[in-house]
Amino acid sequence: MIVKLKEVIRNETNRAYNKTPLGQPRYVTRDIFLNPEHVQLIRTNEQMIGQLREGAIRNVEPSAEFSTISLTNHQAEIVVVGSVEEVRESLWKGRRLLNG
């Protein structure tokens, strides 16, 4: 089953325009579709929460949380909108994970 999530990416279209007053890059979101079988790890992304507070992320609710998803074999990491629990629920709707 493929799951739709919102990924947070750096907006590189115009570097001079897309900087916050503190010189930090602006971020935008885009829809992605992810196969949950390729997820190895989900963790909270505190850095993006800080970026949101500083106004560097567009089109996201001020109370949003962010998670980093590591894909199998650590080939890639993606940042998505949602707490670890929200992302887990989206990926494995209703399935319980084993505590280990």
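**A walk through the fold, starting at V39**

Leaving aside residues up to four places away in sequence, V39 touches L34, I69, S70, L71, T72, L91 and W92, where contact means heavy atoms within 4.5 Å. This is a predicted model, in which local features need pLDDT of at least 70, side-chain atom pairs count only at pLDDT 80 or more, and totals for chains, interfaces and linings use all residues. Residues are numbered from 1 along each chain as its sequence is written, and side-chain values use heavy atoms, with hydrogens and water left out.

The protein chain has two helices and five strands, arranged along the sequence as β-β-β-α-β-β-α; helices (H or I, at least four residues) and strands (E, at least two) are DSSP runs, numbered from the N terminus. Of its 100 residues, 40% count as buried, where buried means under 20% relative accessible area, exposed over 50%, and partly exposed in between (1.4 Å probe, protein chains only).

In soluble globular proteins, nonpolar side chains tend to be buried together. The largest nonpolar core (a set of buried Ala, Val, Leu, Ile, Met, Phe, Trp, Tyr and Cys residues joined through side-chain atoms within 4.5 Å) holds 13 residues, of which L5, L34, V39, I42, I69, V80 and L91 touch the most other members. At least two residues of this core come from each of β1 (3-10), β2 (27-34), β3 (39-44), β4 (66-71), β5 (77-81) and α2 (84-91). Another core, of 11 residues, lies apart from it, with I49, A56, V60 and V79 among them.

R10, in strand β1, is partly exposed, with a relative accessible area of 45%.
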